[in-house]
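Work through these exercises with the sequence and the 3D view side by side. Try each task before you read its solution.

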Amino acid sequence: MTRFVVISEARSGSTMLGSALASHPQMLMHGEIFGSGPAPLNFYGIDEMLPWPTPLEIYLKKMRDADPVRFLDELVFADTARQAIGFKFKFEEFADWPAVVDYIVSKRLHVLFVRRRNLFDRYISEVEAWATGRFNSTDSTQNAPMAEAWLRDCLAPDAVCQAIEKGLALENMLYTTFFANPHIELVYEDIVGWEDAVSTKICNFLGVVPMALQAQTVKTRGEKRVSALGDLNALREQMRQRGYAQRC
């Protein structure tokens, strides 16, 4: 059995990738099982349509918090009937879970790095999600949108630059941390269309029968971004002038 982890910054395509991996009959894909706060535990088999937290979620979170290594060994990777089992682990979760980082390294989990070439669009997608309260293209529910003052602060040029630079620093640090693990790099802009070559590359890496992977989420249309946050052309040009042209 191949044990793997999908590592990415928020709004970089990890949900889309996770849903595609889950479409393969030889794979079991958990979601964000190490998310912070009161967010649902995206553990495979939990009915997401039920009001949360369910009793099962409460129990699983207690076990995870008390002993994350045992949680991984005895629950996350317990289904030995599958050829590959994995979970999502986002950049912002690493500082809170050093034992999980050590586990990934010591157990030599297969790592799928997911990033976006266009870091400006990644940041804007994250701001848009918080501004509208909608984080998943398949989710009909919405969280409370953020205040306009918060949104103005987030779209200030200095704030955008700082966020992009922080993301790049985390990306470089994590690549260094997991470089010795078996790993592949996937780029959001390349996996949006899910060409056969991408599916084959992933299946071969994880040791499962190659087949076309089908994502259950969709790329957000660009028009939505303009209507939610306003005209971003001037801000985008400022980012180019500040040296982010190659990634924006």
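**Exercise 1.** Leaving aside neighbours within four places in sequence, which residues is Arg64 in contact with? Then place Arg64 in its element and say whether it is buried or exposed.

*Solution.* A note on the source comes before the steps. The model is predicted: local features need pLDDT of at least 70, side-chain atom pairs count only at pLDDT 80 or more, and totals for chains, interfaces and linings use all residues. Residues are numbered from 1 along each chain as its sequence is written, and side-chain values use heavy atoms, with hydrogens and water left out.

Step 1. Contact means heavy atoms within 4.5 Å. Beyond its neighbours within four places in sequence, Arg64 is in contact with Ile33, Phe34, Gly35, Leu41, Phe71 and Trp97.

Step 2. Arg64 belongs to helix 2, residues 55-66. Helices (H or I, at least four residues) and strands (E, at least two) are DSSP runs, numbered from the N terminus.

Step 3. Arg64 has a relative accessible area of 5%, so it is buried. The cut-offs are under 20% for buried and over 50% for exposed, with partly exposed in between (1.4 Å probe, protein chains only).

Step 4. The Arg64 side chain also makes a polar contact with the side chain of Asp65, at 3.0 Å. Such a contact is a pair of N or O atoms within 3.5 Å; within protein, one must be able to donate a hydrogen and the other to accept it, and residues adjacent in sequence count only if both atoms are side-chain atoms.

**Exercise 2.** Which residues have the most contacts inside the largest nonpolar core?

*Solution.* Step 1. Fix the term. A nonpolar core is a set of buried Ala, Val, Leu, Ile, Met, Phe, Trp, Tyr and Cys residues joined through side-chain atoms within 4.5 Å.

Step 2. The largest one has 29 residues, and Ile7, Phe34, Phe87, Phe89 and Phe178 have the most contacts inside it. Elements that each supply at least two of its residues include strand 1 (2-8), helix 3 (68-76) and helix 7 (157-177). Helix 4 gives the most, with four residues.

Step 3. Look at Phe34. Not counting residues up to four places away in sequence, Phe34 touches Arg64, Pro68, Phe71, Leu72, Phe87, Phe89, Glu93, Trp97 and Val100.

Step 4. Another core lies apart, with 23 residues, among them Leu17, Met29, Ala84 and Val198.

**Exercise 3.** What is the positive phi of Arg11, and where is Arg11 found? Do the same for Arg108.

*Solution.* Step 1. Recall the background. Most residues other than glycine have a negative phi.

Step 2. Phi of Arg11 is near 65°. Arg11 is found in the loop between strand 1 and helix 1 (14-22). Its relative accessibility is 22%, so Arg11 counts as partly exposed.

Step 3. Arg108 has a positive phi of about 50°. Its place is the loop between helix 4 and strand 4. At 46% relative accessibility, Arg108 also counts as partly exposed.

**Exercise 4.** How many helices and strands does the protein chain have? What share of its residues is buried?

*Solution.* Step 1. The secondary structure comes to 11 helices and five strands.

Step 2. Of the 248 residues in the protein chain, 46% are buried.

Step 3. Take the contacts with a separation of 6 or more. Residues 24 or more positions apart account for 73% of them.
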